[in-house]
Amino acid sequence: MLIGIDWGGTKIEGIAMTPDGAEIARLRADTPRHDYDGCLTLIADLVARLEAAAGGEGKIGIGIPGSLEPKSRRGKGASSTWLLGRPVEADLRHALGRDIRVENDADCLAASEAVDGAGAGYNVVFAVILGSGAGAGVAVGGRAHHGPNNSAGEWGHNPLPMPDVTEIPGAPCYCGKHGCLETWVSGRAFRADYLRHAPPDIDPESITSPGIIQKMRDGDRLSALIWHRYVDRVARGLSLVVNALDPDVFVMGGGMSNVDELYRDLPPVLARYTFSTVFETPIVRARHGDSSGVRGAAWLWR
Ligand SMILES: [Zn+2]
């Protein structure tokens, strides 16, 4: 049996799965934010309850909202900043009392979709998460690719390519730089861009990303302008990936991947920014949706 844990910034989810991918049990809990030890305790509790439900001991894979320093195995590059500098892998092994495998959450998405999702049958899969943050993972031949710095897929912390004068220097990012892609193409950034231009009497609390998309569909001009600017920024960001790696498929995850218009509007804009005048790469929605994180974590023992 395989156990997959998706340690997210707002939710921690676990799945027990057979080796051929059939779900046996699933549990979900709110993340104790800013409480590292609380997270470890909660994960151990989830694993115990999953194994009780499934009636056996499993091999455990864990997706974390960040990655590990390749030598020290300490947390780095995590928007859940309470993981930074922590010996995450050793602490999880200690909390669970057995060997485990740990991977970046976007790498779990890439591996999950490459094995039996929207990226199945493609050799090089570039999986993008456009959610509360923006991240990416790379899978080659069905396995997550890391590189010597564990930095493959840290796409969200490249600067926005080809910025216009209004996009310089860009908003500060938690990583210490300005204008990272994450600050332009996350769902949070899309909403913030709308709010910057919204009528002053609007209540910001009433504005959500799906709400802006609905306004666009209803013919609202501001929402359409914000959407097309968003698509243009995503396209510029992905053009880097095409020019450097030219993956066989882009698999899109996270809340913004649920917008149908993305698959209509993004490819022609992306084609304007790549070096090659030909752009035929499929851009597809993740098949397992929100479950890709747990499934990809479970597949770490594949
Ligand atoms: Zn950054």
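This is a walk through a predicted model, stop by stop, with something to select at each one.

**Ground rules**

Residues are numbered from 1 along each chain as its sequence is written, and side-chain values use heavy atoms, with hydrogens and water left out. Because this is a predicted model, local features need pLDDT of at least 70 and side-chain atom pairs count only at pLDDT 80 or more, while totals for chains, interfaces and linings use all residues.

**Whole chain**

Start with the whole protein chain as a cartoon. You should find nine helices and 12 strands; these are DSSP runs (helices: H or I, at least four residues; strands: E, at least two), numbered from the N terminus. The radius of gyration is 19 Å, close to the 19 Å that the globule rule gives for 302 residues, so the chain is as compact as a globular protein of that length. That radius is taken over C-alpha atoms, and the rule is 2.2 Å times the number of residues to the power 0.38. Along its principal axes, the C-alpha trace spans about 55 × 45 × 35 Å.

Now switch on the surface. The protein chain exposes about 13600 Å², with carbon and sulfur atoms supplying 51% of it (Shrake-Rupley method, 1.4 Å probe; for residues, only the protein chains shown count as cover). Of the 302 residues, 51% count as buried; buried means under 20% relative accessible area, exposed over 50%, and partly exposed in between (1.4 Å probe, protein chains only). Among contacts (heavy atoms within 4.5 Å) with a separation of 6 or more, 62% are between residues 24 or more positions apart.

**The zinc site**

Select the zinc ion next. Which residues hold it? The zinc ion is coordinated by His157 through ND1 and by Cys173, Cys175 and Cys180 through SG, at 2.1 to 2.3 Å. Donors here are N, O and S atoms within 2.8 Å of the metal (3.2 Å for Na, K and Ca); water is not among the atoms, so sites may look incomplete. Put angle labels on the four donor atoms and you get 105 to 113°, a tetrahedral site; four donors earn that word if all angles lie between 85 and 135 degrees. Along the chain, the donors follow the spacing H-x15-C-x1-C-x4-C.

Colour two of the cysteines by accessibility. Cys173 is buried at 11% relative accessible area, whereas Cys175 is partly exposed at 37%.

**The loop between β10 and α4**

Now show the backbone of the loop between β10 (143–144) and α4 (182–185), where Pro169 is found. Most residues other than glycine have a negative phi, and most peptide bonds are trans. What kind of peptide bond joins Ile168 and Pro169? The bond is cis, with omega about 5°.

In this loop, also pick Asn150 and Met162. Neither is a glycine, yet Asn150 has a positive phi of about 55° and Met162 has one of about 50°. Asn150 counts as buried at 15% relative accessibility, while Met162 is partly exposed at 46%.

**Helix α3 and the loop after it**

Select residues 105–116. Helix α3 has 12 residues and reaches 17 Å from its first C-alpha to its last, close to the 16 Å expected at 1.5 Å a residue (that is, 1.5 Å times one less than the number of residues). Nine of the 12 residues in α3 are buried, among them Cys108, Leu109 and Glu113.

Move on to Gly121, in the loop between α3 and β8 (124–130). Gly121 is exposed, at 83% relative accessibility. Measure from there to Asp248: the two C-alpha atoms are 127 residues apart along the chain but separated by 9.6 Å.

**Helices α6, α7 and α8**

Zoom to Arg217 in helix α6 (residues 209–217). Arg217 is partly exposed, at 42% relative accessible area. Leaving aside neighbours within four places in sequence, Arg217 is in contact with Val259, Asp260 and Glu261.

Follow that last contact to Glu261, in helix α8 (residues 261–273). Is Glu261 buried or exposed? Glu261 is buried, at 13%. Not counting residues up to four places away, Glu261 touches Met216, Arg217, Trp227 and Leu266.

Finish on helix α7 (residues 221–244), whose 24 residues reach 35 Å, close to the expected 34 Å. After α7 comes Asp246, with a positive phi near 45°.

Methods. Four donors count as tetrahedral if all angles lie between 85 and 135 degrees; four count as square planar and six as octahedral if opposite donors are over 155 degrees apart and all others between 65 and 115; anything else is irregular.
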